[in-house]
Amino acid sequence: MADKKRIMLIDNEEGLCRMMEAVLSDSGYIVEAHTRSFEAVDVFRAGAWDLVVTDIKMPGMDGLEVLQKIKEKEPSIPVIMVTAYATVETSIQALRRGAYDMLTKPFEPEELLYRVKNALNHTKLLEENRELREELVGKFRFDNIVGASEGLKDVLERVARIAVRDSSVLVTGESGTGKELIAQAIHYNSPRREKKFIAINCGALPASILESELFGYRKGAFTGAHENRTGLLEAADGGTLFLDEVGNLPMEVQKTLLRFLQEQEFIRIGDTTPTKVDVRIISATNSDLNRAVERGEFREDLFYRLNVVNIHLPPLRERRSDIPLLAAHFIGQQNRKFGTRVKGLAPDALEAVCSFPWPGNIRQMQNVIEASMAMECGDCLGRGVIAQFIDLPAATDDGDGESDEGDYNQALSRFERDYLQGLLRKNRGNVDAAAREAGMNMATIYRKIKKYSIRKEDFS
Ligand SMILES: Nc1ncnc2c1ncn2[C@@H]1O[C@H](COP(=O)(O)OP(=O)(O)OP(=O)(O)O)[C@@H](O)[C@H]1O
Ligand SMILES: [Mg+2]
């Protein structure tokens, strides 16, 4: 096989080193084992590797130093650190310095295989993601949209496909999920990009004012109409009109808008002849328009005209892998705005924001980071300051070092549970297939499923 993965093993214990070498090469990897770390680092620098597994406690150059040298040459390569239970402190340091995973001695061969497979899989995902992004970015501009989750990737792929078509788009999603941002991305990646993108909130204005805003009026059309006024539809000619909160569009305006969508023309208030414009309509709602149609609050014919293409933005809690990236993005934004130098979130704060459900989604997160940075602008934002703005579960960190170990074990469990769930989802609940893929035996998988109360039926 041309694409066999190349793994470097570094451990001064000859026996363990040979055991790992045998397990991994039996599973089809190309393995090179070293018992002297200096030598290993030199060999590493000269070659091309997919993964490094290194012991931490070694004479000469220890594992942390090895990690550093490896990351200097190859920042994205996953490194698994092998350690004895007694060195949990060091393990945490290693994770913070960019190690991908930890393996505690003694371990079963299947445990090693499982970690290795997972680490290599992670690189594959990163690569796929980068390729996809490069491909999209080559043709489309999404530079202000942050995230790498599957959910967001699907949305961006869809945006790329429909931007160039001229159909109406309805963007749905909870409040703060980025509906307006996506509407802009559609416009700026469409042939209309040189013309205007105009947004109007349909929920904020009474019907009569909304109507004159949209369609404009002739001087003298009603009391107070002292001069001609161009409506937004005309102002957006050649471009895009974004109807935000379209679910709140009053009935009388729904009717006029429908006419416009059917005829591509409308009559200014007080006018007798229609005006023709070429405008693409993108609308957004955080309410369930289907229900509104059923209840007779929204015209069905208008709904179909607006919803030629639907883009749904998943809530942030369903794309948690975007959270760290978004946090870094918003911190950077604030740094640039106020000249501060906050580096990021402290590990406990990151942990907290990653598990928080974010009912107000990305907007809420942006607000919380802004507010926190207004209170604290040291090196890192801590959990304490974040907890002033969102309701976090009681902190476990009492600063005696023990809790770090607790955090670490918790993180490992979470990782293991997510991995198992992903594995079962992929194998549709088939434990046998899942075990084969992970290189674990069935009994181990069953034991872990039980430990995390996972129901395999949920995935079949
Ligand atoms: N993927 C993202 N990357 C970077 N910023 C984002 C992302 N998604 C949303 N934002 C930012 O979050 C904020 C909220 O986004 P937006 O206004 O588009 O959401 P919305 O769904 O229209 O919200 P609402 O329902 O409250 O109107 C904006 O400041 C936007 O720039
Ligand atoms: Mg909005």
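In the predicted model, buried residues account for 30% of the 460 residues of the protein chain. The chain contains 19 helices and 16 strands, and its C-alpha trace extends over about 95 × 50 × 45 Å along the principal axes. Of the contacts with a separation of 6 or more, 68% are formed by residues 24 or more positions apart.

The domain assignment divides the protein chain into domain 1 (6–128), domain 2 (146–314), domain 3 (318–386) and domain 4 (402–459). A distance of 54 Å separates the C-alpha centres of domain 1 and domain 2.

Ligand 1 is surrounded by 17 residues, of which Val146, Ser175, Gly178, Lys179 and Glu180 are the closest. Two or more residues of this shell are supplied by each of the helices α7 (179–188), α13 (322–338) and α15 (361–375). By class, the shell around ligand 1 comprises 5 nonpolar, 9 polar and 3 charged residues. Because residues of both domain 2 (146–314) and domain 3 (318–386) take part in the shell, ligand 1 lies between these two domains.

Helix α7, one of the elements contributing to the ligand shell, was examined further with respect to burial. Its buried residues are Lys179, Ile182, Ala183, Ala185, Ile186 and His187. Lys179 thus appears both among the residues closest to ligand 1 and among the buried residues of α7. The cover over the buried residues of α7 includes helix α6 (150–163). Strands also take part in this cover, among them β6 (169–173), β7 (197–201), β10 (240–244), β13 (280–285) and β14 (309–313).

A further helix pair is formed by α2 (residues 37–46) and α3 (residues 63–73), whose axes are 10 Å apart and meet at an angle of about 10°. Since angles under 35 degrees count as roughly parallel, α2 and α3 are therefore roughly parallel to each other. On the side of α2, the contact is made by Ser37, Val41, Phe44 and Arg45, and on the side of α3 by Val66, Lys69, Ile70 and Lys73. The contact of α2 with α3 consists of 4 nonpolar, 1 polar and 3 charged residues. The nonpolar residues in this contact include Val41 and Phe44 of α2 together with Val66 and Ile70 of α3, while Arg45 of α2 and Lys69 and Lys73 of α3 are charged.

Methods:
Residues are numbered from 1 along each chain as its sequence is written. Chains are lettered from A and ligands numbered from 1 in the order in which they are written. This is a predicted model: local features need pLDDT of at least 70, side-chain atom pairs count only at pLDDT 80 or more; totals for chains, interfaces and linings use all residues. A residue is near a molecule or strand if its C-beta atom, placed from the backbone, lies within 6 Å of it. Helices (H or I, at least four residues) and strands (E, at least two) are DSSP runs, numbered from the N terminus. Domain bounds come from an automatic or database domain assignment. A residue is buried if 20 or more other C-beta atoms lie within 10 Å of its own, exposed if 12 or fewer, and partly exposed in between; C-beta atoms are placed from the backbone. Two residues are in contact if their C-beta atoms, placed from the backbone, lie within 7 Å. Axes are lines fitted to C-alpha atoms, for helices over the stretch in contact, and angles run from 0 to 180 degrees between N-to-C directions. Angles under 35 degrees count as roughly parallel, over 145 as roughly antiparallel, 65 to 115 as roughly perpendicular and the rest as oblique.
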